[in-house]
Amino acid sequence: MSVRVRFAPSPTGYLHIGGARTALYCHLYAKAKGGSFVLRIEDTDLERSKKEYEDAMIEDLKWCGLENHEGPVKGGDYGPYRQSERLDLYKSLAQQLVDEGKAYPCFLTDEELEELTEKAKAEKNSPHHYHDKYRDLDPAEAKKRVEAGETHVIRFKNPRKKYTFTDIVRGEVTFPEDMVGDFVIMRSNGMPVYNFCCVIDDWKMEMTHVMRAEEHLNNTVRQLMIYEAFGVKPPEFAHCSLLVGEDRQKLSKRHGATSVVQYKDQKYLPQALMNYLCLLGWSHPDEKDIFDLDEIAPIFDLSRFTKAPALYDIEKLKHFNGEHMRRLSPDDLLSYLKPTLPSDHPFHTQSEGWQKDCVGFFKEKINIPAELPEHLEVLFSTEPQRGEAVDEVKGWETTAAIQEYIKTEVSKLAESGAEFITVDQFNDWTNHCKKELKIKGKFLFKGMRLALTGMAEGPDLKVVIPLTPMSVMKARHGL
RNA sequence: GCUCCCAUCGUCUAGUCUGGUCUAGGACACCGCCUUUUCACGGCGGUAACAGGGGUUCGAAUCCCCUUGGGAGUACCA
């Protein structure tokens, strides 16, 4: 049987970093096994689900490079792929359980439920302890009340026994019989509940593996009960460790940028995000750390998951972005970095050859695009003298002489129509200052730097000078 | 409260199943040196971990138990 895995988000917000990681693992595993990666939208929570989130979710998944083989947009043989479009199925199956005596209508009101929960807590019992009031109500009586239109939910009749299953990452996991109570499978508004439709869909969509975050581990016992009630063999489960923030709590909005779209907006490279996320809870057999999805898909296996929760560290993500950026071809590098600069940035006025040289040089100094503009200052700032270290250099008597000489030379060159200063010219000027002005050592080089760039420190002058437009040079010297 | 899960450098992790080759390896961050007459990059090096306690064993990061700590769940959310 070929492998079928699914990613089943609920459209109640933008794609989360943790969700993206789960989707990545599903995608990788399907690819490794030549199986199918299915996207299913779990929109049974009417209040919180929004179509715009569903669209955004699909868009973000696409940006991540995690396209599905089957899904709400793409279609497939197991559709529909939106739970809101499968309601009849859940309803009839829930009714089947009621008819078989495996589930029952419950007429508890919100107030009664609250009271019973408080009572259970006060007696140091589990909150669900008294939720089974209608468990043994005569089915005929229950049917009568339902038909009379009385508000009710459908509760699953817990078989009250121990459940054990083998999780691919956790190993053998056992749940005691009082772990959960008679939980709700159909709400009073007629909508099914997650633990119910999840099972129905994984079953009907013939999923072979369910990969999800550890927060769902405890739900598995409910799902196991439902599989059993229908006489269906459950899929394999793999519960991946959680992603946590600085405070070691489950990663959420308050930990900062936790939506994929925020990284897209900040111009991170999707392959870098995926690479980093992949390594949060999974390790490469050869301890390789920089790779593309295509590279690991063939060797991705489920035996290398880490059990402990992983801390999401943006600093390390930046490093990964830098590594991937530096691997880009000159053409790709330019098309990556160019659009990240403001449209009125002087960078855009330069030739394409210049632009390629420029990003080729500055890629060594940055990890993410947001760091580029400040580095470009050395080429474009027209402020004559700036930076913290200039005061010291300005104090040197010899600096004024260099400054004056450079000004004259720049002026001459500009009048000749040159658009840039060549390395040869720069060398000639340096030699002149050395021989004629008798300046040497750091006084010479720092002086030259200050005179030409206006800063006391910065990148290699032999690279910077030929890249600096003459217009900027003139402005720096008040020409 | 109850249940489930987890525990190696500050962080992500290798090693744990199949005890010895681990005076515990790699990566991020940090520090130092070299190089660059600056800064950075790069190269080299460094600081830094088996939570604690008991067993089992000739030998334990690795197997067992307990303690402690952390997390998740306990919904008509998913």
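This tour visits selected salt bridges in a predicted model. Across the whole structure, a search finds 27 salt bridges.

Begin by selecting Asp201 and Arg40. These two residues form a salt bridge, with their closest N and O atoms 3.7 Å apart. The pair links distant parts of the chain: Asp201 lies in helix 6 (residues 194–204), while Arg40 lies in the loop between strand 2 (36–39) and helix 2 (51–64), a separation of 161 residues. Asp201 is buried, with a relative accessible area of 0%. Arg40 is likewise buried, and its relative accessible area is 0%.

Keep Asp201 displayed and add Arg86. Here Asp201 forms a salt bridge with Arg86, and the closest N and O atoms are 2.7 Å apart. This pair also connects distant parts of the chain, from Asp201 in helix 6 to Arg86 in the loop between helix 2 and helix 3, 115 residues apart. Arg86 is buried, with a relative accessible area of 6%.

Next, extend the selection to Arg6, Glu42 and Asp202. Together with Arg40, Arg86 and Asp201, these residues are linked in a network of salt bridges.

Finally, select Glu54 and Arg82. Their salt bridge brings the closest N and O atoms to 2.8 Å apart. Glu54 belongs to helix 2, and Arg82 to the loop between helix 2 and helix 3 (87–99); the two are 28 residues apart, and the pair links distant parts of the chain. Both Glu54 and Arg82 are buried.

Technical notes:
Residues are numbered from 1 along each chain as its sequence is written. Chains are lettered from A and ligands numbered from 1 in the order in which they are written. This is a predicted model: local features need pLDDT of at least 70, side-chain atom pairs count only at pLDDT 80 or more; totals for chains, interfaces and linings use all residues. Side-chain values use heavy atoms; hydrogens and water are left out. A salt bridge is a side-chain nitrogen of Lys or Arg within 4 Å of a carboxyl oxygen of Asp or Glu. Helices (H or I, at least four residues) and strands (E, at least two) are DSSP runs, numbered from the N terminus. Buried means under 20% relative accessible area, exposed over 50%, partly exposed in between (1.4 Å probe, protein chains only).
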